[in-house]
Amino acid sequence: MSDGEAVIEARALVKRFGDFEAVKGVDFRIERGESFGFLGPNGAGKSSTMRMIGCVSPASGGDLRIFGLDPTAHGSRIRARMGVVPQQDNLDSELTVLENLVVYGRYFDIPRSECKARAAELLDFVQLTDRANSRVEPLSGGMKRRVTIARSLINRPELLLLDEPTTGLDPQARHILWDRLYRLKQQGVTLVLTTHYMDEAEQLCDRLVVMDGGRIVAEGSPRQLIERHSSREVLELRFAAGTNADQTTVLAGLGDRQEVLPDRVLIYAVDGEEVLGEVHRRGVPHESALVRRSSLEDVFLRLTGRSLVE
Amino acid sequence: MTTLPAVRVWEYYATILRRTWKTEVVLGLLQPLVFLLGMGLGVGSLVNSRQSSVDALGGVPYVSFLAPGLLATTAMIVGAFESTYPVMAGFKWQGFFEAMAATRLSPMQIVRGMFLWLATRIGIFVAGVGVVLALFPDTRSWGLLLAVPVAVLCGLSFATVIASYAAVCQYDASFNYVQRFIITPLFLFGGAFYPIESLPVALRPIAWITPLWHGVELCRGFSLHTMGFTTALGHFAVIVAYIVVGIAICRRLFIRRLYR
């Protein structure tokens, strides 16, 4: 993983806020054209890391290079070449969709006429051409997100940072966004995103790091991570409320590994159906059973002992 | 062709003003008109009928004395208000400063652009007062052409200090203090309505240390042609010092707030 050109390189990167260490020495390297994810629960240090990459938060320690440049000395030059989609939309709700894009383009010193031309192109790309002249305020959450993405592309960035791009959106809006982001990736834009949705990470990321408590606890492609840290399949069993912990004796020895969660018991195995057959043979009374493939959620659970969305 | 970064920040605000300028112009003219008529006619008739009062004002009708002060107080009030809620909006409610910080703009460019805008905003309202003053023989003067820009600077000197305060405030309730403990007292004690020599000696320093009185004196001096060059320079220096130091402090506080 070190043959390509590094767009971002971090070594022992630290971020402190007073006594609190949000990022506790992380190393990563992101290559041109790659789609890279930071996966982790709230408070894992993802956003702090993203803000350091975005050159709006000085590192407290370690070394960070973006496009080979030092963010403390060349923040403005670096930011000129990247696009940022912040966790919370900061569009101007009083302005129209088009005005939002033009005003933002002007911050990059792009001539007004060029801003308008690019904005038209980008609104077509995010399928909002018909809303160009409507105010931002009445738009749905998904549409606002698409406007923010269009805005982040106005300077034709080589690198796009997306902090929890689909948090709070409905499933349909998420799929539209994923599709657009996938197209950007195909156009060669380097994508760096944070998420606490495993399905999002699986959809969008070539490679990702799992963060927990300010540290990177695993790194690899979604498939590699699942192979390395989980079994092929998972059997999910639900029992009568409050009796999960009592099932450990009757379930003893089943599968490679078991996790008792508040709402269900997970049994990791190569063949989930086989384990389910054994559960039936033992006559264990359960309310429901589901066999599925392992996901990044399971990887996360394995690595941290906690689920992602709590 | 490149445009100055501060101007590009200013364009953002101007885009918003394009929607609202008509109401603002009407307000900007109506307010000073009402004020001038109310104070000039009402208080004026009392003051002008007493010879000792007319002497204390330098021998001019009350409305001529009051009018230039109105330029400076308007500038202060607009400058102070526009650097409270609208500045916090940029950090908190709308987040436009955060949006700017993510682009190639530097903190200093953002701060300069904001003050360029605030100067424009103050300018709109002060010019409105200027237009109203030019309508009446008692308040009309060529000196207004100098007084208007000086009043804008006076308003800006308040804006730099109060925008710095807004950059550290987490809640908008803090702005009540600005209104109660700075703007209202200065409005009353800054020499706009009467010469500060009428105040007890102990209260006069309030006027000396804040920029309003210096702005009032300059505006009045220009309008009534009563100010010498060195005195003017002294007042001017205080206002400029406030602006220069205020912008430097504001920049630091913006960096602290935006680049955490």
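The expected span of a helix is taken as 1.5 Å times one less than its number of residues. In the predicted model described here, this rule can be applied to helix H8 of chain B, which comprises residues 175-189. Because the helix has 15 residues, a span of 21 Å is expected, and the distance of 20 Å between its end C-alpha atoms agrees with that value.

Helix H8(B) nevertheless bends by about 25 degrees at B:Ile183, and a proline, B:Pro185, follows within four residues. B:Ile183, the site of this bend, is also one of the buried residues of H8(B), together with B:Phe175, B:Val178 and B:Leu186. The cover over these buried residues includes helix H3 (62-82), helix H4 (85-91), helix H7 (144-168) and helix H10 (211-224) of chain B. Just after H8(B), the backbone at B:Gly191 adopts a positive phi of about 90 degrees.

The surroundings of H8(B) reflect the make-up of chain B as a whole, in which 11 helices and 0 strands are assigned. Read from the N terminus, the succession of elements is α-α-α-α-α-α-α-α-α-α-α. The C-alpha atoms of chain B occupy a box of roughly 65 × 40 × 35 Å along the principal axes. A compact globule of 260 residues would have a radius of gyration near 18 Å, so the value of 19 Å found for chain B agrees with that expectation. Of the 260 residues in chain B, 46% are buried. Among contacts between residues at least 6 apart in sequence, 81% join residues at least 24 apart in chain B.

Chain A, by contrast, contains both kinds of element, with 11 helices and 13 strands. Its C-alpha trace spans about 75 × 45 × 40 Å along the principal axes. Buried residues account for 45% of the 310 residues in chain A. Of the contacts in chain A with a separation of 6 or more, 70% involve residues 24 or more positions apart.

Strand S10 of chain A (residues 233-238) pairs with strand S12 (residues 265-269) of chain A in the antiparallel sense, over 5 bridges. In this pairing A:Leu237 stands opposite A:Val265 of S12(A). S10(A) is also joined by 6 bridges to strand S13 (residues 288-293) of chain A, again in an antiparallel arrangement. Here A:Arg238 of S10(A) stands opposite A:Ser288 in S13(A).

A further strand of chain A, S4 (residues 61-66), contains A:Gly61. This residue counts as partly exposed because 13 C-beta neighbours lie inside 10 Å, where a buried residue would need 20 or more. When residues up to four places away in sequence are not counted, A:Gly61 touches A:Ala12 and A:Val14. A:Gly61 and A:Lys15 are separated by 46 residues in sequence, yet their C-alpha atoms are 6.7 Å apart in space.

The two chains also meet at an interface, where 23 residues of chain B are in contact with 23 residues of chain A. On the side of chain B that touches chain A, helix H1 (5-48) and helix H5 (96-101) of chain B each supply at least two residues. The residues on that side of chain B comprise 11 nonpolar, 7 polar and 5 charged.

Note on methods: Residues are numbered from 1 along each chain as its sequence is written. Chains are lettered from A and ligands numbered from 1 in the order in which they are written. This is a predicted model: local features need pLDDT of at least 70, side-chain atom pairs count only at pLDDT 80 or more; totals for chains, interfaces and linings use all residues. Two residues are in contact if their C-beta atoms, placed from the backbone, lie within 7 Å. Ala, Val, Leu, Ile, Met, Phe, Trp, Tyr, Cys and Pro count as nonpolar, Asp, Glu, Lys and Arg as charged, and the others, Gly among them, as polar. Two strands pair if DSSP finds at least two bridges between them. A residue is buried if 20 or more other C-beta atoms lie within 10 Å of its own, exposed if 12 or fewer, and partly exposed in between; C-beta atoms are placed from the backbone. The radius of gyration is taken over C-alpha atoms; the globule rule is 2.2 Å times the number of residues to the power 0.38. The bend at a residue is the angle between axes fitted to the seven residues ending there and the seven starting there.
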